[in-house]
Amino acid sequence: MRDVQSRHNGLPPRTPDMLYNIVRKFYRGAVSHYDLIQEKKAMVRAAWEHQKATGEDAELRQALHTLFLEFHFYVTCWLQIEMALFRLARQDEEQSRVLERFRPDLEKHLGVREQLDQTEACVEAQLRHDGPNGASVERDMYWFEGITFTVDEQSLQTLHALYEAIQQARTK
């Protein structure tokens, strides 16, 4: 798997059709993963309630670890879409505009992806950042080295909009 910083180095040649298939595959993967992520977030909330009641954080640590692994899959799908779009943008001005329009959203997801390569460190950083109050769990907004992030309806709608923009640019 490519790391975020060098993601565009040495990419193998691909036809536009292959790149559009990559976009479609990883778009579907991210969308299909959404419900599972929501289930894992519910487990984190339950583990947080347990910690508040007992003071024990082992269950919360495990639940966060699992959630962050699921986040990793989701943002890896964004990474794959971005790499395909990057190559399409070099060949097509319309796709270049799509890439620029969605760059802030792509960069946010890729920034989180880069952090999540070290899942356990993210769990530890989250617990240190939140302290005993668990504000991130309560707000469903997690902290990754200065980036607040969650997989929610807004993230999913942005993904839908990105995919639709790529498809519309393809037909122009």
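These notebook entries record what I looked up in a predicted model.

**Entry: Glu70**

I began with Glu70, which I located in helix H2. I looked up its accessibility and found a relative accessible area of 15%. Because buried means under 20%, I entered Glu70 as buried. I then listed what Glu70 touches, not counting residues up to four places away in sequence: His33, Leu36, Ile37 and Lys40. With His33, the side chain of Glu70 also makes a polar contact, side chain to side chain, at 2.5 Å. I checked Leu19 as well, which lies 51 residues from Glu70 along the chain. The C-alpha atoms of Glu70 and Leu19 are separated by 24 Å.

**Entry: helices H2 and H4**

I next examined helix H2 (residues 58-91) against helix H4 (residues 119-130). Their axes come within 9 Å and cross at roughly 125 degrees, so I noted H2 as oblique to H4. I recorded the crossing of H2 and H4 as right-handed. On the H2 side, the residues that meet H4 include Leu60, Leu64 and Phe68. On the H4 side, I noted Val123 and Leu127 among them. Sorted by class, the contact of H2 with H4 has 7 nonpolar, 3 polar and 3 charged residues.

**Entry: Ser155**

I turned last to Ser155, which I placed in helix H6 (residues 153-171). Its relative accessibility is 6%, so I entered Ser155 as buried. Leaving aside neighbours within four places in sequence, I found Ser155 in contact with Tyr74, Trp78, His109 and Thr150. I also noted a polar contact of 3.1 Å between the side chains of Ser155 and His109.

Note on methods:
Residues are numbered from 1 along each chain as its sequence is written. This is a predicted model: local features need pLDDT of at least 70, side-chain atom pairs count only at pLDDT 80 or more; totals for chains, interfaces and linings use all residues. Side-chain values use heavy atoms; hydrogens and water are left out. Helices (H or I, at least four residues) and strands (E, at least two) are DSSP runs, numbered from the N terminus. Buried means under 20% relative accessible area, exposed over 50%, partly exposed in between (1.4 Å probe, protein chains only). A polar contact is a pair of N or O atoms within 3.5 Å; within protein, one must be able to donate a hydrogen and the other to accept it, and residues adjacent in sequence count only if both atoms are side-chain atoms. Contact means heavy atoms within 4.5 Å. Axes are lines fitted to C-alpha atoms, for helices over the stretch in contact, and angles run from 0 to 180 degrees between N-to-C directions. Angles under 35 degrees count as roughly parallel, over 145 as roughly antiparallel, 65 to 115 as roughly perpendicular and the rest as oblique. A crossing is left-handed if the near helix is turned anticlockwise from the far one by less than a right angle, and right-handed if clockwise. Ala, Val, Leu, Ile, Met, Phe, Trp, Tyr, Cys and Pro count as nonpolar, Asp, Glu, Lys and Arg as charged, and the others, Gly among them, as polar.
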